[in-house]
Amino acid sequence: MKITAAVCILFLLGIPVAEAAPKAHVVALGKWSTVKWLVGVDETTIVELKIRPLLVDGRIKEFLVGAIHDVTDRTFVGQRVYRLNDSLPQENGAHWRWERGGWLLMDRVTGKVQAIALAGFDPYQSSVTWFRDYAAYCGFSEDGSKVFATVVQLARRKPLLKKSVDNPAASEMPESACVAPVWQKAPSRVTFQPKDGPKFVYSIRSRALDLVAEDGDGEE
């Protein structure tokens with residue numbers, strides 16, 4: 001009671017009370033390991049994926065596949081990979097398989113991990129190439145029948161580019177619609193190369209947007 005009363009008196013007198021220091025978080029990446037990804041029309045073709053855990057304060061928050069990309073000096077992005085229960089109702093026990101997921105934005109200071117909404121992104125078919133706060137990839141319509149050359153900037157709701165490209169030949173293999181886009185700078189531009197169409201270049205005229213991560217406790 002005495003402490004509470006003293007704080008109230010300081011507040012009434014206009015004397016600032018020291019705020020509690022924000023909790024520091026430790027964001028780290030664990031060791032690499034290799035897992036099997038089943039692809040193809042009959043899901044019997046094996047592709048090896050290099051994955052590693054994302055650790056926040058020593059606890060595994062997610063698993064990431066492939067390389068990460070530093071967006072700023074405190075934020076980075078990485079593609080999620082997760083285990084999916086592949087058991088039929090009549091089977092006993094769970095049978096797990098690895099699948100590629102969406103992209104995550106991570107903050108090294110707050111420990112916050114949040115999903116990134118990439119328009120038309122398909123975890124199976126899309127191969128994303130990052131530059132600054134831009135993501136370039138081939139996006140897809142909901143039924144998968146149309147392919148779009150897409151450029152997204154973080155913190156913007158609408159894509160900077162969504163251009164329809166010639167539909168590729170039917171294929172059940174990953175990333176079969178188009179080659180991963182290639183970035184250049186000075187000037188900033190990206191080259192798309194669809195599998196069944198001519199390549200084209202898109203120039204970036206937008207400015208970088210300030211990425212401000214909300215303070216959080218590391219929860220999604």
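This note covers the disulfide and the nonpolar cores of the structure above.

1. The model is predicted, so that local features need pLDDT of at least 70 and side-chain atom pairs count only at pLDDT 80 or more, while totals for chains, interfaces and linings use all residues. Residues are numbered from 1 along each chain as its sequence is written, and side-chain values use heavy atoms, with hydrogens and water left out.

2. Taking a disulfide as a pair of cysteine sulfur atoms within 2.5 Å, the count comes to 1 disulfide. C138 and C178 form this link, with their sulfur atoms 1.7 Å apart, and it is right-handed, with 135° about the S-S bond. Because C138 lies in strand β9 (residues 134-140) and C178 in strand β12 (residues 178-184), the pair ties together parts that are 40 residues apart in sequence; strands here are DSSP runs (E, at least two residues), numbered from the N terminus.

3. Both cysteines count as buried, which means under 20% relative accessible area (1.4 Å probe, protein chains only): the value is 4% for C138 and 7% for C178.

4. The largest nonpolar core (buried Ala, Val, Leu, Ile, Met, Phe, Trp, Tyr and Cys residues joined through side-chain atoms within 4.5 Å) has 17 residues, and V151, W183 and F192 have the most contacts inside it. At least two residues of this core come from each of β9, β10 (147-153), β11 (161-165), β12 and β13 (189-194), with β9 giving the most, 4 residues.

5. Leaving aside neighbours within four places in sequence, W183 is in contact (heavy atoms within 4.5 Å) with residues including W130, F131, V151 and I204. Apart from the largest core lies another, of 13 residues, among them V71, W103, L118 and L154.

Note on methods
Buried < 20%, exposed > 50% of the residue type's maximum accessible area, 1.4 Å probe, protein only.
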